[in-house]
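Visitor: Please give me a close look at one helix residue and its surroundings. After that, carry on through the contacts and the pocket, giving the numbers as you go.

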Amino acid sequence: MTPFAACPPPAFSPAMRKFVPLYALALLASVLAVAGLAGWGQALYPASAGPGVLPPAAAAPAADLAGRLHQPLTLLLLQMIVVIVAARLLGRLFRRIGQPAVIGEIFAGILLGPSLLGLLWPQALAFLFPPTALAPLQLLSQIGVLLFMFAVGLEVDLGELRRQARSALLISHASMVLPFLLGMGLALAAYPLLATPGVPFHAFALFLGIAMSITAFPVLARILEERRMVHTPVGRLALACAAIGDASAWCLLAVVVALAHASGLGAAGLSTALALLFVLGLHLLVKPLLQRLFGATLAADRGGTSGLALALVLLLACSAFTEAIGIHALFGAFLAGTAMPAGAAFRAPLRERLNGFSAVGLLPLFFALTGLRTQIGLLQGAQDWLLCGLIVVVAVAGKLGGTLLAARLTGSAWREAFTLGALMNTRGLVELIVLNVGYDLGILSARVFTMLVIMALLTTCITGPLLSLAQRRRGALAGTEVVSGQ
């Protein structure tokens with residue numbers, strides 16, 4: 001006997017047999033009533049009939065499927081589906097080969113741009129990402145980046161920074177100063193070759209210096225978690241250095257953006273002064289007030305609706321203020337995160353909720369937008385690739401060398417100093433955010449933007465192998481000590 005024979009169709013109960021015809025009659029009566037009322041109304045008001053009464057979109061919807069798919073909302077939904085799926089697949093693939101998932105997501109964005117999809121299937125690129133339909137994608141990606149920067153601010157532990165202030169301050173700033181100076185030195189030679197016409201040298205050089213000196217605090221934290229190094233001395237010091245470095249880099253970026261936006265040094269000085277007053281007011285007045293008024297409530301709320309509402313209001317207000325005074329909204333989002341009431345019981349759940357939404361739904365849109373701007377085909381000839389290689393070498397040598405020397409001066413052993421240098425060389429997503437700011441301001445051309453994106457990816461990808469090299473060296477030294485001890 002087949003399984004289907006063992007399961008006869010269910011018999012209708014007497015109540016159901018009475019209900020079905022009554023329901024059918026009621027439905028038929030409703031349809032007839034609607035038709036009768038419509039006909040009656042048409043007979044009473046015949047002048048209302050005629051062509052052109054309804055709006056064109058309602059009277060004549062797109063006749064073909066391609067036209068319907070290019071409606072703004074439909075196209076945005078299609079873009080989100082393609083980008084999120086590609087980001088998840090590439091993220092899993094890169095995690096399997098020992099790289100952070102975010103690197104795979106960044107590669108997914110680049111593959112969806114002209115560097116691969118536009119090369120292999122230009123019709124698909126033109127269909128999915130037409131230049132006239134990128135504005136909604138860009139706005140959503142910016143919201144995602146604001147949420148991400150807010151979450152980065154939430155991760156900054158000011159107490160831990162104070163405990164390791166001396167070593168972390170010296171190492172983080174040394175790891176910024178050397179690559180910054182090397183980047184400005186590189187700008188002396190690269191300015192006539194790479195700068196956009198009309199961009200002053202100081203803006204190009206300062207931005208190239210910032211691009212060389214960035215460390216991606218969130219990516220570094222994920223690498224430490226994956227390798228179980230968060231609670232080791234070198235892991236805690238690396239987190240402190242990266243947090244100080246990120247805060248310093250954002251302050252420096254704010255100054256450069258103010259210089260780029262302002263019409264003169266006076267306007268740039270005013271924007272910078274307003275930003276400093278904003279930082280002081282936020283941490284000396286707003287943060288203690290929030291802690292006093294909402295601290296107990298938020299700790300009990302554990303990232304619920306009250307904490308989320310407060311976080312979003314503060315995030316939006318700070319971002320709007322810094323954007324209004326000529327400093328980028330990202331700076332306000334980062335500061336809003338650092339100003340939230342302290343306490344892991346509140347911050348950790350809130351960070352998880354924000355990251356869960358922005359990292360999966362919105363940040364991949366930012367990667368796709370970055371990929372659309374990255375055109376590897378613009379690098380033509382040996383000169384371009386030599387310049388790109390020189391940028392990578394300068395970035396690695398500056399970060400690794402500056403961190404290693406400063407760590408040695410503060411008493412770290414060579415292996416710990418090298419480990420710190422490898423970690424501080426991580427750039428990842430934070431670097432892409434900075435590069436997109438420079439691109440939007442017109443400071444970076446498409447060609448140099450592509451070179452710096454390649455640098456960001458390569459320097460982040462080599463972090464894992466450099467850490468493995470340091471750990472193997474440690475194991476070799478430990479084995480030598482055991483043998484000699486025997």
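Guide: Val20 sits in helix α1, which covers residues 14-44. The model is predicted. The relative accessible area of Val20 is 45%, so Val20 counts as partly exposed, since that class runs between the 20% limit for buried and the 50% limit for exposed. A patch takes in residues with over 30% relative accessible area and no salt bridge, and the value of 45% for Val20 is the one to set against that cut-off. Val20 is indeed one of the residues of a nonpolar surface patch of about 580 Å². Its partners in the patch are Met16, Phe19, Tyr23, Leu27 and Val31. As for the spacing of these numbers, residues three or four places apart in an α-helix point the same way, because there are 3.6 residues a turn.

From the surface, turn to open space inside the outline of the protein. A rolling probe the size of a water molecule shows where empty space is left. The second largest pocket holds about 510 Å³ of space. It is lined by 21 residues, and those closest to the pocket centre are Ala101, Val102, Glu105, Arg222 and Ala359. Which helices supply at least two residues each to this lining? They are α4 (72-96), α5 (101-111), α8 (135-155), α12 (217-226) and α17 (344-373). Sorted by class, the lining has 13 nonpolar residues, 7 charged residues and 1 polar residue.

Helix α5 deserves a separate word. Of its 11 residues, 9 are buried, so the helix is mostly covered. The buried residues in α5 include Ala101, Val102 and Glu105, and these three names also appear among the residues closest to the centre of the second largest pocket. Also buried in α5 are Ile103, Gly104, Ile106, Ala108, Gly109 and Ile110.

Helix α17, another contributor to the pocket lining, holds Pro364. With a relative accessible area of 4%, Pro364 is buried. Its C-alpha atom is separated by 8.8 Å from that of Ala86, although the two are 278 residues apart along the chain.

The charged contacts come next. Side chains of opposite charge can pair when their charged atoms come close. How many salt bridges does the structure hold? There are 3. One of them joins Arg373 to Asp440, with 2.6 Å between the closest N and O atoms. Arg373 belongs to helix α17 and Asp440 to helix α20 (residues 428-441), so this pair ties together parts that are 67 residues apart in sequence. Are the two partners buried or partly exposed? Arg373 is buried at a relative accessible area of 12%, while Asp440 is partly exposed at 42%.

A further bridge is formed by the side chains of Asp384 and Arg447, at 2.5 Å from N to O. Asp384 lies in helix α18 (residues 381-409) and Arg447 in helix α21 (residues 446-461), so parts that are 63 residues apart in sequence are tied together here. Asp384 is buried, with a relative accessible area of 6%. Arg447 is partly exposed, at 24%.

Arg415 and Glu416 make another salt bridge, with the closest N and O atoms 2.5 Å apart. Arg415 is partly exposed at 25% relative accessibility, and Glu416 is partly exposed at 24%. Glu416 is part of helix α19, residues 414-424. Besides pairing with Arg415, Glu416 has its C-alpha atom 8.3 Å from that of Ala470, a residue 54 places away along the chain.

One more proline closes the tour. Pro288 is found in helix α14, which runs over residues 265-301. Its relative accessibility is 29%, so Pro288 counts as partly exposed, whereas Pro364 is buried. From Pro288 to Met340 the distance is 9.3 Å, C-alpha to C-alpha, across 52 residues of sequence.

Conventions:
Residues are numbered from 1 along each chain as its sequence is written. This is a predicted model: local features need pLDDT of at least 70, side-chain atom pairs count only at pLDDT 80 or more; totals for chains, interfaces and linings use all residues. Side-chain values use heavy atoms; hydrogens and water are left out. Patches are made of residues with over 30% relative accessible area and no salt bridge: like charges are joined within 9 Å, nonpolar side chains (Val, Leu, Ile, Met, Phe, Trp, Tyr) within 5 Å. Accessible areas come from the Shrake-Rupley method with a 1.4 Å probe; for residues, only the protein chains shown count as cover. A salt bridge is a side-chain nitrogen of Lys or Arg within 4 Å of a carboxyl oxygen of Asp or Glu. Helices (H or I, at least four residues) and strands (E, at least two) are DSSP runs, numbered from the N terminus. Buried means under 20% relative accessible area, exposed over 50%, partly exposed in between (1.4 Å probe, protein chains only). On a 1 Å grid over the protein atoms alone, a cavity is a set of points where a 1.4 Å probe fits but cannot get out, and a pocket is an open set with protein on both sides within 12 Å along at least five of seven lines; lining residues have an atom within 4 Å of a point. Grid points are joined across faces, edges and corners, and a volume is the space filled by probe spheres set on the points. Ala, Val, Leu, Ile, Met, Phe, Trp, Tyr, Cys and Pro count as nonpolar, Asp, Glu, Lys and Arg as charged, and the others, Gly among them, as polar.
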